[in-house]
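The exercises that follow are to be worked with the sequence and the structure side by side. Try each task before reading its solution.

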Amino acid sequence: KKQLDINQNPNVPAVANGTPSVVFPAAVFGTAAGVGGEFGIIGAIWGQYVTQSAFSNQYKTIDAYQLGTADYNRGYRNMFANGLKNYQFVLDKSKETQNWNFYLMAATMKAYTTQVLVDLYDQIPYTEALQGTANLTPKFDDGYSIYQDLLKLLDTALAKPLNPGILTPADKSADLVFKGNLDNWTRFANSMKMKLFLRMINAKPQEAQAGIEKLYADGAKFLNTDAALTGFTNVKDKDNPMYEQNIRSLNTPDNLRASYTFTSFLIANNDPRAKYFFGTPAPTAIHQGDYTGTNSSYKTATVLVQRPDDPVVFMSAAESYFMQAESRERYFGGDGAKALYDQGVLAAFAETGNDGSAFIAPGGAYEYPSGSLEEKIMAISTQKWVACAYGVHYLEGFFEKNRTGYPKTSAVYSELDNNTVNPAYVPGEFVTSKNSVLGPGQLPKRLVFPLLETQANPNAPALVPITTPVWWAL
Amino acid sequence: RVTDAQGKAVPYASVVIKGSSTGVSADENGNFTIQAPPNSVLVISAAGFQGNEVNIGDRTTVNSTLNAQSALTEVVVTALGQTRSKTKVGYATSTFNSEAITRAAPANALDALSGKIAGANISKTGGPGSSTKVVLRGYGVIGNNQPLYVVDGIPLNDSRFGSSDNVDFGNGLNDINPADIESISVLKGTAASSLYGSNAKNGAIMITTKRGRSGKLKVEYNGSVNFSKVGKLPEMQSIFGQGWGGIFVLPENGSWGPKMDGKTRAWGSIVDNSQLIKPFSFIDNNIRDFYNTGVETNNTIGLSGGNETSQFYFSYGNVVSDGVIPTKTDYYQRNTFALRTNSKFKDFALNSSFNYSNKKQNAPFTGQGGSDGGSIFEEILQIPVDIPITDFRDYKNKFFNVDNYFTPYAENPYYPLYENKNQQNSDRFFGDVDMNYAFTSKLSAQLRLGGDITNARTFGYKAVNAPSIGSWNKGGNTEGASRAADVGSVSELAQYVGAINGDFIVKYNTGITDDISLEALAGANYYQQDQKSSAASITDLFIPGVYNLSNSLNPPTATDFAQHRKRVGGYAQAILGYSNQVFLTLNARNDWSSTLPIDNNSIFYPGASLSWVVSQTLGLNNSTISLLKLRGSYGKTGSDADPYLVYPTLAIGNVGLGFGNLTFPFGGVTSFGISNTIGNLSLQPVITTEAEVGAEVRFFRNRLGLDVALYDKKTKGQIITVPIAPSTGYTGLVNNLGLVQNRGIELALDAKPLDMKDFTWSLTYTFSKNWNKLKSLTTGLDNVILNTAYDASLIGYPGKSLTGIYAPVPQYTSDGKIIVSSTTGMPIEAADKGFYGNAEYDYMMGMLNTFSYKGLQLSFSLDYRKGGHMYSGTADLLNFTGNAYNTTYNDRRPFIIPNSVVQTGTDANGKPTYEENTIVIDEGAYTDYWYPTQNKAGSYYDRIIEKSFFKLRDISLGYTLPSSWASRIRATTLSVSVYGRNFLLWTPQSNFYLDPEASNLGNDLASELGEFRTAPTSYQFGVALRASF
């Protein structure tokens, strides 16, 4: 019998070797590969930053809103199996050892990762998820109750005593996001709470208000630096995941071209960030989804500039400022909102190496409006949309459009049949893709449940059309 | 001397002293010499003859006459390498002799048997040295379905070293020189192979090697040279030339342009303000001309001889084969040495076999190119039908080089052909020592120790190929498109696999009464396998043309892997005979395996078979019925798991993206997460149960024979990694998965319609049909996905075949009309994938005809397989590029999808309402119609094709020269033959693309999905010479 006891795999470590600092980076990779990989590309196209080239094919199904259950399942898989499972392991282990530092890190990243999935799919397995063989067919929970539980998790983590003193150098380097800066983690966790509450303004307005008011009442501090995975280099498989997937490992590197929706806004405002995003201050764009178009300028349509060392931003400083501005505007009579908005715009410009101060100065293109609440929300949301073009954070731009309705949806398509720009089109407004398979005026609001899940989990609910808003969306 | 009833010599008869293991073989003239004590009884037997026993008394010369061709005494090799009279065997077997195997001089022994065994699906998948796929009685296992190969009682490793979906270095069987084989017995059923245990759940192929014979030194030479030409190639449309969307576009990689008018026009890139010209017309044989003639030489020289106590056989074989792809991209060179000895000392016998095989092989890269470089076949398919492929041979020419090849969307196929390489060198040693001691005439013991060791070194590289800035392919073309650089790569793989197999067997034979006999054996088996492999690779070469792991901007990616497994087993078998008419075989085996959970690692499996020679009982032997035998068997085989599937582990925290990966170490940090595959602490062995009944009947003094078998095989608890919902936190669970059933019928007919003095015509015909069904799956699983290419998948659903091919289909209204999109006019995809057909053939038939006239022999074998479907990645690409024959539908004029409707809204009950579709697929969208990105629902009908085929598998014309001629060169026999292999292929009209046997997806179940831009097959013709001295 002893002779036959040779079945421990010598090629990999045993589970007993797993500690929070061994496992945490793997989990962050799972999240980054999801939001920065396939989901990043979907966000970039559905957020109308870019569109499919008229001379290649790769993303036509995304631009046509033709995504079925079999398409782009990897994001879902990576976020669950590489991300959430390992965050849960870190949570369990750090709880066991009372290592509340890692507990906060894992809780915050779990909240972020789960939020993205909920916002994409509306319902996902949560209470019964991540149990392996103990439950092979976890039931789906509704997005709202998942949000409530995430808030509870963040509260629990924030309430625990942190102890920076016990962080070893290895622990610090294992924190791929903040290098062991626990103050930043506290800020990120608070900002995650604010984000979750703001998402609820349409569906649960009172709860949203109460939650945000409490954050301020408790004196919460919010993120003032990017929560991001950085450190990518120009090396295969060590570079930005969207760059790796769309440029390095794909034969055709120029599928993603400038979308007229985005560039018309940048050009109309003389926004210097156009050069950062597209390599030229005046990008030649393709009208959203017009990949079958005959416009002669499409041949030279500008390719999205991706850089191998682009970070994968989970939450940007600018985003945090814009959320705070919105919160102040909604619940505190606008007290301090303008300053936070200005900080947000400046931070967003600064990330692209530009100075935005002229833009927020009186008379500047992005000067904070003095009009109605709605105008202010529109200004904040629009600037957030532009800011989300940095750091493959496109998905957030798409989500926020669905939450606030800004940028507005255009009543007309941006191009006329004779290949000229429709004079009725307002730069920066969303249009329905030229090759949309949806009904007129419809836009995608979610993804359908992925086949990887539905084929193996009979508890998956019936498919919901991609035009149906998720629970918090307009 | 051994002769037949007509007094002609019976060559190579076996002569054994009864009750001992001492024996010799007669030579080709029937002569033998044996040292035997007086009053010994000699047992004389030969394939195709009834055995005979002769008491020699005190004679020194014995003549024995054997009665011809009685199936009664035909000998088959059964499990554990034990030979048995076929009479005693209660299951179907097929046996082939050396001549049948080497007739058309194949480099792989099993290739000769394609279409000749009822119930065996044998296919060659590609070029020289590529894998051979052998499936007996249908796919039963999700995982390895290849049979167990056993050489002289020792299991042979059949791994495909260094192979992947895109590169095929062949399977382990290739390391055996067919010229060294004496015979092959195929044990299809579980009952037949169950004593082998674990590895034999898919049946076993028993290979008996050639042995030396006592007498003078004998030299045997087998040589052949053959030429190969490329076989079936895609049939292209010949009307429309280069372009896209109906317009001529210089840099496009497709034939979606205008109709070709034959006028001379400029084409390709503009270099230094100049352009090439050529007629805008279809080029016949464009792809065929890319290929050239392959040459294969196959030579074996054998020496054998010995005295009565010791004999030896030595051979050296050499195969050099260069396939139909220009250059040595498809190249195979094998050197084999074999040394076998048989010795006896009184009651003790020692036999040994040592085999060494060295291989050098180059395999083409098939499938889909990557960022490191392209794939030849994919590039060829993307050349418009009016552009001459062979012109590109000069791939450094300024118009055809990386900067200025006509399109940025593909690469000059000659570039990967000349610049990229996949090569393997392997050394393999296998052999055994077999000792026998006869305690008494009834009791003997056997000890057999075998080893099989392979060392394989695989090396591959792809060259850097980057268009320079401002060139045609870096944005300088009329579409402004750029080709991503091939960054190049180098990969190294070293693999070692060593196995040791030992058996100790005690045998006891006795006649209990005059009528009842007993043959019993009991034994123990030990099996151990160790593997070690190290792989390293780099991409992004720093200095072009230097292929070493140090030559990269990036650190190499390295992995290593070790694996150990052990298994011990005990077994017993008893054969009870009654009056030489009824035989009952009982057997049982128990294995204990290291790969199963330690507290539950025992597998027990019994079997029984019964055979009844009815003709003997009824005394029919001299009637028209020369033999009637009924047989039935029931057997179980247990099989263990692969190592390391039981315990949970960590795994490196790398993540796969849609293309590329995100990997550790990362900025000085590395990380392990919980492995995405969950091990299974309650893993069960796989149990295959098979019931079989059959009958063998022979008429007219054996001139006509029919063998029928019916079987019902159930494989339960296959061990695979089942995909599970990612929300569980894992992606796969190692599990015992359901029950697969294969039921089938096999029929073999042999006849000698003409048997005259100088002229004989004999034929064999086989038919088999298998019904495969996935009976049930582990709870919680709807289906099991076995392989996928784009949206086409090979899926097993409970209650259906394991090999269903599913892909997107359109939505239909209740009255059968296609629902199309109101904006594009293309079909809307139905929520669920549709069923396109099973991969499994409906049935298979084979026929072998042999005509002999004096020394002349003509034989040919036909192979027909009906039904079955496959996905074709070749078809996919040709439909994309508009080169495919079917893309001229409606002369490429605008059309409306026939019988289609669009949804107009919903009625009061919320039900959708429809009206007739009037949306035209115009010239611009016509191209899109043929590709899944725009027409996912409709385009798979052009990618999933029927697999039926009819092949003239081989044909040979041989002539044995009269011995008077042979003796002039001091040869005893001399024969020459001309032969062809895989000539004449017929496929259904809907298959415009390729030989359906071609596949680059391996040689097992997953390959049943079809192929993905694989290499074409080829046909061979050649001449073989055989001489013995």
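**Exercise 1: a pair of helices**

In this predicted model, the axes of H12(A) and helix H13 (residues 337-351) of chain A come within 8 Å and cross at roughly 165°. Work out how the two helices run relative to each other, and which residues make the contact.

Solution. Begin with the angle: values over 145 degrees count as roughly antiparallel, and the crossing is at roughly 165°, so H12(A) is roughly antiparallel to H13(A). Next take the handedness, which is left-handed where H12(A) passes H13(A). Then list the residues: H12(A) brings, among others, A:Ala318, A:Tyr321, A:Phe322 and A:Ala325, while the residues from H13(A) include A:Leu340, A:Tyr341, A:Gly344 and A:Ala348. Sorted by class, this contact of H12(A) with H13(A) holds 10 nonpolar, three polar and two charged residues.

**Exercise 2: a second pair**

Apply the reasoning to H1 (residues 20-46) and H3 (residues 74-96) of chain A, whose axes come within 8 Å.

Solution. The axes of H1(A) and H3(A) cross at roughly 155°, and with the cut-off for roughly antiparallel set at over 145 degrees, the two helices are therefore roughly antiparallel to each other. The crossing of H1(A) and H3(A) is left-handed, and their contact comprises 12 nonpolar, 10 polar and three charged residues.

**Exercise 3: the side of chain A that touches chain B**

Which element gives the most residues to the side of chain A that touches chain B?

Solution. Start from the totals, in which 85 residues of chain A are in contact with 73 residues of chain B. The elements of chain A that give two or more residues to this side include H1, H3, strand E2 (123-125) and helix H9 (241-248). Of the elements, H3(A) gives the most, with 12 residues. By class, the side of chain A that touches chain B has 38 nonpolar, 33 polar and 14 charged residues.

**Exercise 4: a helix and its surroundings**

Is helix H16 (residues 394-404) of chain A mostly covered or mostly uncovered, and what lies over its buried residues?

Solution. Count first: 11 of the 11 residues of H16(A) are buried, and the helix is mostly covered. Charged side chains are on that list too, with A:Glu396, A:Glu400, A:Lys401 and A:Arg403 among the buried residues. Then look outward, where the cover includes H1, helix H4 (100-121), helix H7 (182-199), H12 and helix H15 (373-387) of chain A. Finally, follow the chain past the helix to A:Gly405, whose phi is positive, near 85°.

Terms used
Residues are numbered from 1 along each chain as its sequence is written. Chains are lettered from A and ligands numbered from 1 in the order in which they are written. This is a predicted model: local features need pLDDT of at least 70, side-chain atom pairs count only at pLDDT 80 or more; totals for chains, interfaces and linings use all residues. Axes are lines fitted to C-alpha atoms, for helices over the stretch in contact, and angles run from 0 to 180 degrees between N-to-C directions. Helices (H or I, at least four residues) and strands (E, at least two) are DSSP runs, numbered from the N terminus. Angles under 35 degrees count as roughly parallel, over 145 as roughly antiparallel, 65 to 115 as roughly perpendicular and the rest as oblique. A crossing is left-handed if the near helix is turned anticlockwise from the far one by less than a right angle, and right-handed if clockwise. Two residues are in contact if their C-beta atoms, placed from the backbone, lie within 7 Å. A residue is buried if 20 or more other C-beta atoms lie within 10 Å of its own, exposed if 12 or fewer, and partly exposed in between; C-beta atoms are placed from the backbone.
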